[in-house]
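Please open the model in a viewer and follow the selections below in order. Each stop states what to select and what is found there.

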Amino acid sequence: MNLLLSTAFVLCWSSGFIGAKLGADSASAVTILMWRFLPLAVVLILVSAVSRAPWRGLAALDVVRQTVIGALSQSGYLFTVYYAIQLGVSSGTTALIDGVQPLVAGALAGPLLHQYVSRRQWLGLCLGVGGVALVTLADAAAGTGATWWAYLVPFLGMISLVAATFLESRSRVRVAPMVSLTVHCATSALVFTALAVGAGAAAPPAELSFWASITWLVVLPTFGGYGLYWLILRRSGVTEVNTLMFLMAPVTAVWGALMFSEPFGPQTALGLALGLAAVVVVHRGDASSTAADAGGRTRRAVGGRGVPVLSDFRKDHHAP
């Protein structure tokens, strides 16, 4: 059962990058994202109106904080993913750049929050960055049609996601998943609707392929990916979920190659292998760095009060 759930989760989450590629030919990024989140936000708000329990005890400041986190981790992040793919960046490259976000966040925890960062984590970050560089260069050399600056767009999304991670980590109030999902989706619906209306791109195209991609994005990565995320989290814990998260880039790269003939040569395979090696290095470091000190207290290589370690960085991540 766990194997089936894990396989379904990886496929559903990876499908978000594939869905973005499916819709790229029929509409702009803001149009796709507007119609992905607008109906979903309405449904979630109606559900919240019926079930008010998760909202009890939340202050207005908590909702505002979640709104900002949603704007960074969902709106900003997803727009860059969709826009990069629309510009011609392959889905596998975009997924890999997104996949090094926990490594970057872990490394930045040192200089930004004055937390200890182990050599193992710095090594993992270097391996991850090296893997991204190899895959990006292979993608660019394959003549996908993307301009050089298009490859910077996913990095902006990763930075947005890192910023949301640190903002969430400083919050002392734990918000129920249903509340955060509703606020984040409502925020994204407002952001993308405003952008689409401002760009004159709010009207959906008549093509069946557009609605097929919208259905794909709502059913597979949103309900399937996000739902399975929380199910596996409850059954197996954070470590298991995050281990699966780092399978997204290679799965997406293979899927994109088979479905869209995206480049996948030896250099791409080597880059993805480096990315996975980076995760193994850091993940094993996290597992071995929790130890009791002389006073019986515990310490972790990266962390401390209010600061997440690698295994916590994906708790508020949203399916692409």
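## A tour of the predicted chain

Begin with the whole protein chain, coloured by burial: of its 320 residues, 51% are buried. The model is a predicted one. Keep the full chain selected and display its surface, where the accessible area comes to about 14,300 Å² and carbon and sulfur atoms contribute 69% of that area.

Next, switch to a cartoon view. Twelve helices and two strands make up the secondary structure of the protein chain. Traced along the sequence, the order is α-α-α-α-α-α-α-α-α-α-α-α-β-β, with the two strands following the helices. If contacts are drawn at a separation of 6 or more, 87% of those in the protein chain join residues 24 or more positions apart.

Now select residues 60–87, helix H3, together with residues 91–99, helix H4. The two helices pack at an angle of about 150°, and their axes lie 9 Å apart. Because angles over 145 degrees count as roughly antiparallel, H3 is roughly antiparallel to H4. Their crossing is right-handed. To see the contact itself, show side chains for Tyr77, Val81, Ala84 and Ile85 on H3, then add Ser91, Thr94 and Asp98 on H4.

Finally, colour the protein chain by pLDDT. The average is 80, and 80% of the residues score at least 70. Which residues have a pLDDT that stays under 50? Select residues 290–316 to find this stretch; for these residues the model has 68 contacts beyond four places in sequence.

How values were computed
Residues are numbered from 1 along each chain as its sequence is written. Side-chain values use heavy atoms; hydrogens and water are left out. Helices (H or I, at least four residues) and strands (E, at least two) are DSSP runs, numbered from the N terminus. Buried means under 20% relative accessible area, exposed over 50%, partly exposed in between (1.4 Å probe, protein chains only). Contact means heavy atoms within 4.5 Å. Accessible areas come from the Shrake-Rupley method with a 1.4 Å probe; for residues, only the protein chains shown count as cover. pLDDT is the predictor's confidence in each residue, from 0 to 100. Axes are lines fitted to C-alpha atoms, for helices over the stretch in contact, and angles run from 0 to 180 degrees between N-to-C directions. Angles under 35 degrees count as roughly parallel, over 145 as roughly antiparallel, 65 to 115 as roughly perpendicular and the rest as oblique. A crossing is left-handed if the near helix is turned anticlockwise from the far one by less than a right angle, and right-handed if clockwise.
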